[in-house]
Amino acid sequence: MAQLQYLSKILILNLCIFSSSCCTTNNLELKKNNLHISNTQKLKKFKRFYIQGYIILYFTNKIKFFGRLYLQQFSSNNYLILLINPIGQISLKCYIKKNKITIFDHTGKIKLNKKSENELLQETGFNIPFTCLNQWMFEMPGKSKIKEIYKNKDTKLIKYIYLKKIWNITYSYNTTKKSLPFPKKIFIQNNSIYIKIYIYNGIIR
């Protein structure tokens, strides 16, 4: 019963995020990059944090994975990403330390150990920018470069350049109450790849 309720929440979440996250630049104002710098400077002092949320991964308009996301950062170049499926099994355990990416299987044994993110994306089938994801949660570029920023009251669209591709990331915030500097929803798009994230819990230290 609990699993069915969880699946229902994911499907409802999928519809909600899809309707609100497909952001275009039509209703957003173009901002200069230097306006963005002052905001990110406040976040650079935070080294450790963890985030819990739901994630939906699309490829060519089909759902490839949906479940829970757990991201914990121990330092700026040392963090863990977990993807957990609706029945509570770990579908992906990714550990990044000093730009080296290690993938573990469900038993905890090392499955892949790569330095090249392109190789990792091809072998795992998860088209997720692992080495930037922790920084992108805070609108910081990490290894990528910021091309353009569009913004209105509670939504921001940032165009990043990473792996010679343009990644459009839309951040939606809850402006009705005080919260941590995490966005409520994140929508990542690159050609036929769509990643939708809904954050429901997080702590910064």
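**Contacts, core and salt bridge in the predicted model**

Outside its neighbours within four places in sequence, I110 makes contact with T102, I103 and F104. The structure described here is a predicted model. I110 belongs to strand 7, which spans residues 110-114. With a relative accessibility of 54%, I110 is classed as exposed, since the threshold for that class is over 50%. The C-alpha atoms of I110 and C94 are separated by 9.9 Å in space, and the two residues by 16 positions in sequence.

The protein chain comprises four helices and twelve strands. Of its 205 residues, 45% are buried. Among contacts between residues at least 6 apart in sequence, 46% join residues at least 24 apart. The chain exposes about 11,400 Å², of which carbon and sulfur atoms supply 53%.

Confidence was examined along the chain. The average pLDDT is 75, and 69% of the residues score at least 70. Residues 17-21 fall below a pLDDT of 50, although this stretch has eleven contacts in the model beyond near neighbours in sequence. Where pLDDT is low, the predicted coordinates should not be read in detail.

The nonpolar interior was considered next. The largest nonpolar core contains 39 residues, and I81, W136, M137 and I197 have the most contacts inside it. Strand 12, covering residues 193-204, makes the greatest contribution to this core, with five residues. In soluble globular proteins, nonpolar side chains tend to be buried together. When neighbours within four places in sequence are set aside, the contacts of W136 are P129, P141, S144, Y160, Y162, W167, I169, Y171 and I188.

N134 is located in helix 4. N134 has a relative accessible area of 1% and is therefore buried, the limit for that class being under 20%. The side chain of N134 is joined to that of Q73 by a polar contact of 2.6 Å. Q73 also appears among the residues touched by N134 when those up to four places away in sequence are not counted; the others are F49, L71, S76 and Y79.

One salt bridge is present in the structure. This salt bridge is formed by E139 and K156, whose closest N and O atoms lie 2.8 Å apart. E139 is situated in the loop between helix 4 (130-136) and strand 8 (145-151), whereas K156 is in strand 9 (residues 155-162), so the pair ties together parts that are 17 residues apart in sequence. Side chains of opposite charge can pair when their charged atoms come close. E139 is buried, with a relative accessibility of 6%. K156 likewise counts as buried, at 6% relative accessibility.

Strand 8, which follows the loop holding E139, includes Y150. The relative accessible area of Y150 is 12%, and this residue is therefore buried. Y150 and T170 are 20 residues apart in sequence, with a C-alpha to C-alpha distance of 9.2 Å.

Conventions
Residues numbered from 1 in each chain as written. Predicted model: local features only at pLDDT ≥ 70, side-chain atom pairs only at ≥ 80, totals over all residues. Heavy atoms only, no water. Salt bridge = Lys/Arg side-chain N within 4 Å of Asp/Glu carboxyl O. Helix = DSSP H or I, 4+ residues; strand = E, 2+ residues; numbered from the N terminus. Buried < 20%, exposed > 50% of the residue type's maximum accessible area, 1.4 Å probe, protein only. pLDDT = per-residue confidence, 0-100. Contact = heavy atoms within 4.5 Å. Polar contact = N/O pair within 3.5 Å; in protein donor to acceptor, adjacent residues only side chain to side chain. Core = buried A, V, L, I, M, F, W, Y, C linked by side-chain atoms within 4.5 Å. Areas by Shrake-Rupley, 256 points an atom, 1.4 Å probe, with all protein chains shown as cover.
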